[in-house]
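Q: I am new to this structure and would like a close look at a single part of it. Please walk me through that part step by step.

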Amino acid sequence: MNDVRVAAIASLTPLEELDSTPFLVDTRGQHAACARWAVERGYVVARELLFYGVRPDHAELWADVEAGEVDLFVAANEHVLARALTSVPGFRAECERRGVRVETAEAADPAYDSAAKAAVHRRLSMPTAGYDGT
């Protein structure tokens, strides 16, 4: 068993962007792509993170690394990283400085038809009503 613990980064993109960039809005889909990537390598997803324009040195980004609970970061693709962080090169440099790997699952943005977009919209617009997306 491989003991590599992964923090999956998803971009917390506003629901208003669902029509133009549905995968960036679909945090569940992004995390699922990261989970598949981890399973293929025998890794375990220890944390699911949601960020929108966070600085590469933000304390919340590094808390699990500093606590020894995360060994590497993964995002579904570079587009997700670019939305989640203010600077992907800065984040990669910070990862290198701290000795933490950062990977992308190289997941292509899936196609979203109107039904899939509606499902994402429903799930994200009704969380306080107890809807869990299933």
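Is Glu 94 buried or exposed, and what is its relative accessible area? Please describe its surroundings too.

A: A word on the source comes first. This is a predicted model.

Glu 94 is buried. Its relative accessible area is 13%, and the cut-off for buried is under 20%. Glu 94 belongs to helix 5. Leaving aside residues up to four places away in sequence, Glu 94 touches Pro 56 and Trp 62.

Next, the charged partner. Glu 94 and Arg 98 meet in a salt bridge through their side chains, at 2.7 Å from N to O. The two residues are four apart in helix 5, so about one helical turn separates them. Arg 98 counts as partly exposed because its relative accessibility is 29%, whereas Glu 94 is buried. This salt bridge has company. A network of salt bridges links Glu 66, Glu 94, Arg 97 and Arg 98. In total, the structure holds 13 salt bridges.

Arg 98 also leads to the aromatic rings. Its charged end sits over the ring of Trp 62, 4.3 Å from the ring centre. Trp 62 therefore appears twice in this picture: Glu 94 touches Trp 62, and the charged end of Arg 98 sits over its ring, while Glu 94 itself is buried at 13%.

Now follow the rings. The structure holds four aromatic pairs. One of them joins Trp 62 and Phe 91. This pair is tilted, with 5.9 Å centre to centre and 40° between the planes. It links distant parts of the chain. Trp 62 lies in helix 3 (residues 59-66) and Phe 91 in helix 5 (residues 88-98), 29 residues apart. Both Trp 62 and Phe 91 are buried.

Phe 91 has another ring partner, Phe 73. Here the pair is edge-to-face, at 5.2 Å centre to centre and 65° between the planes. Distant parts of the chain are linked again: Phe 73 is in strand 3 (residues 72-75), Phe 91 is in helix 5, and their positions lie 18 residues apart in the count. Both Phe 73 and Phe 91 are buried. Through these ring pairs, Trp 62, Phe 73 and Phe 91 form a cluster.

To put the part together: Glu 94 is in helix 5. Its side chain meets Arg 98 in a salt bridge. The charged end of Arg 98 sits over the ring of Trp 62. Trp 62 is linked with Phe 73 and Phe 91 in the ring cluster.

Note on methods
Residues are numbered from 1 along each chain as its sequence is written. This is a predicted model: local features need pLDDT of at least 70, side-chain atom pairs count only at pLDDT 80 or more; totals for chains, interfaces and linings use all residues. Side-chain values use heavy atoms; hydrogens and water are left out. Rings of Phe, Tyr and Trp (its six-membered ring) pair if their centres lie within 6.5 Å; planes under 30 degrees apart count as stacked, over 60 as edge-to-face and the rest as tilted. Buried means under 20% relative accessible area, exposed over 50%, partly exposed in between (1.4 Å probe, protein chains only). A charge sits over a ring if NZ of Lys or CZ of Arg is within 6 Å of the ring centre and within 35 degrees of the ring normal. Contact means heavy atoms within 4.5 Å. A salt bridge is a side-chain nitrogen of Lys or Arg within 4 Å of a carboxyl oxygen of Asp or Glu.
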